[in-house]
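Open the model in your viewer and show side chains as sticks. The stops below each begin with something to select.

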Amino acid sequence: MSVACGVECVLVVGCIRWAWKRCTYIGNNDSATWPAATCEEFEPVPRLCRTILAVYEPNLHKPKFPPPGGYRLNPDWVVKRVTYEQTSGRAPPYLIYCDHEHQEIVLAIRGLNLLSESDYKVLLDNRLGKQMFDGGYVHHGLLKSAIWVLNNESETLSKLWIDNGRSYKMIFAGHSLGSGVASLLTIIVVNHKDRLGGIPRNLVRCYAVAPARCMSLNLAVKYADVIHSVILQDDFLPRTATPLEDIFKSIFCLPCLIFLICLRDTFIPEGRKLQDPRRLYAPGRMYHIVERRFCRCGRYPPDVRTAIPVDGRFEHIVLSCNSLSDHGIIWIEKESEKAFARLKEASAETTTSPPKVQKFERLKTLEKEHKDAIERAVSLNIPHAVGVGEEESSTQKEEEPMEDITFEASQKHDEDASTSEAQGSDGRTRWHEVVEKLFIRDESGKLRSKRESTGPE
């Protein structure tokens, strides 16, 4: 009897300790040891958040829902606006904006529309370990969407870049669902520079706002020099390792799902997570906006911290009433604007040396952080991670003209994999799915091969 009471007491104490640690864990802890970001590197974030918000507006000349201070965009510089009708559900709506003031060509992609069936199709077109790309794993549906966008807009973007003297930066920005499309689009452009007129890597940037987990850890670290993720405090999406298709299947019971994920991850060792090559992560360098403190009410003036974490990369679910609100692009735009104003004010007060020297030193620091992160990934035996020397040699090979393997072979891969995807978990073939993918019905009701219907190429 005494033994049973002792075991029961140990279990109760253990459960109380776990509950205390989980309930007192806040988003501030994820970046507690990170250095502060500088004003120069964070400057594009609030501006690009407003550009993403502009995708929601049907007419920028007469905006209906402008953020405080307006969009601060020139409507005449909007090159192209693409809606759901024009994408036919293959990608979220997006906007191409040529910012002559900052010498940037921006392709901004909106986030998930809960009322759009096509957005769910993009999310659900995936399973763990389904799509391998560039030596790692990525989200299959988001990759197909990124390929579609680039196939349709490569000529427009290439012409804009060439017509503006080949000196403008190419910026891909997206929120939530759009952040995954923008991140994978950036990887394709970096590896296939000829698609955009041979644009160099140092002129390509991606800003993933409230990023989705869309690529494996080795890719997230490898492209940290061109992809930047912006996360507001307790945002649930970058921290949820559960596949996106499972998250949004349970969107109407999301708090319950977050709690169950938190309980499950308690019993998964950190090393096991890192060694799973199929596990997806938020991409690139992280910019964490922190505005709340433990056991303190209200929002404090936001701080911005940045790093390229390898282990402990937003792996802990935060049980917070702000987990959902911190995912909204409106709140992120508002807090990033406040954070940038604070950084600008602090920079003006502490400037003691010429700005060019400071900027050059910061660039060297960013390069060193990227190399250190790559070496850290190799030392932890992250699957498919390569060292800096091997990375440089592979980069030289990528600079050579490449065939459109990514675009044509991926479509061929989808057709070749159609029969394997039509097999159920019990190993039986779902023949009705095979028929739907390989045949179509003509006007008379007879089945015809899709290849015959399209005719010879």
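Start by selecting Glu57, in the loop between α3 (44-54) and β1 (78-82). This is a predicted model. Is the charge of Glu57 paired in a salt bridge or unpaired? Glu57 has no salt bridge although it is buried, and the nearest side chain of opposite charge, Lys64, is 6.8 Å away. For a salt bridge, a side-chain nitrogen of Lys or Arg would have to be within 4 Å of a carboxyl oxygen, so Lys64 does not qualify. Now show the backbone of Phe65: its nitrogen lies 2.6 Å from a polar atom of the Glu57 side chain. To see the surroundings, add Pro63, Lys64, Phe65, Pro66, Tyr71 and Arg81, which are in contact with Glu57 when neighbours within four places in sequence are left aside.

Next, select α3. Eleven of the eleven residues of α3 are buried, so the helix is largely enclosed by the rest of the structure. Among these buried residues are Arg47 and Arg50, along with nonpolar ones including Val45, Leu48, Ile52 and Leu53.

Keep Arg50 and add Glu333. Their side chains meet in a salt bridge, with N to O at 3.9 Å. Glu333 belongs to helix α12 (residues 329-350) and Arg50 to helix α3, so this pair ties together parts that are 283 residues apart in sequence. Both Glu333 and Arg50 are buried.

Move to Lys144 and Asp125. These two form a salt bridge whose closest N and O atoms are 3.4 Å apart. Lys144 is in helix α6 (residues 140-163), and Asp125 is in the loop between α5 (117-124) and β4 (131-133), so the pair ties together parts 19 residues apart in sequence. Lys144 counts as partly exposed because its relative accessibility is 36%.

The next pair to select is Asp234 and Arg292, whose side chains meet in a salt bridge of 3.2 Å, N to O. Asp234 sits in the loop between β9 (227-232) and α9 (244-249), while Arg292 sits in the loop between β11 (285-290) and β12 (303-307), so the salt bridge ties together parts that are 58 residues apart in sequence. Both residues, Asp234 and Arg292, are buried. For a salt-bridge network, select Glu43, Arg47, Asp99 and Glu104, which are joined into one by bridges that share partners. A search of the whole structure finds 23 salt bridges.

Return to Asp234 and Arg292 and add Asn322. Which residues does Asn322 touch, not counting those up to four places away in sequence? They are Asp234, Arg292 and Arg299. Asn322 is placed in the loop between β12 and α12. With a relative accessible area of 18%, Asn322 is buried. Select Phe236 as well: its C-alpha atom is separated from that of Asn322 by 8.9 Å, with their positions 86 residues apart along the chain.

Now hide the charged pairs and select Phe172 and Met215. Within the largest nonpolar core, which has 47 residues, these are the ones with the most contacts. Elements giving two or more residues to this core include β2 (94-99), β3 (104-109), β6 (169-175), α7 (177-191) and α8 (217-222). The largest share, ten residues, comes from α6. Around Phe172, look for contacts including Leu107, Leu157, Leu185, Val189 and Tyr207. Apart from this core lies another, of 32 residues, with Ala37, Leu53, Val55 and Phe340 among them.

Finish with β3. Six of its six residues are buried. Are the faces of β3 covered or uncovered? Both are covered: one side carries Glu104, Val106 and Ala108, the other Ile105, Leu107 and Ile109, and all of these are buried. In a regular strand, side chains alternate between the two faces of the sheet.

Add β2, which runs antiparallel to β3 and is joined to it by six bridges. Select Tyr94 to find one of the pairings: its bridge partner in β3 is Ile109. At the turn of this hairpin, with four residues between the strands, Gln103 takes a positive phi near 55°. Then add β6, which pairs with β3 in the parallel sense over six bridges. Here Val106 has Ile171 of β6 as its bridge partner.

Key: Residues are numbered from 1 along each chain as its sequence is written. This is a predicted model: local features need pLDDT of at least 70, side-chain atom pairs count only at pLDDT 80 or more; totals for chains, interfaces and linings use all residues. Side-chain values use heavy atoms; hydrogens and water are left out. Buried means under 20% relative accessible area, exposed over 50%, partly exposed in between (1.4 Å probe, protein chains only). Lys and Arg count as positive and Asp and Glu as negative; His and the chain ends are not counted. A polar contact is a pair of N or O atoms within 3.5 Å; within protein, one must be able to donate a hydrogen and the other to accept it, and residues adjacent in sequence count only if both atoms are side-chain atoms. Contact means heavy atoms within 4.5 Å. A nonpolar core is a set of buried Ala, Val, Leu, Ile, Met, Phe, Trp, Tyr and Cys residues joined through side-chain atoms within 4.5 Å. Two strands pair if DSSP finds at least two bridges between them.
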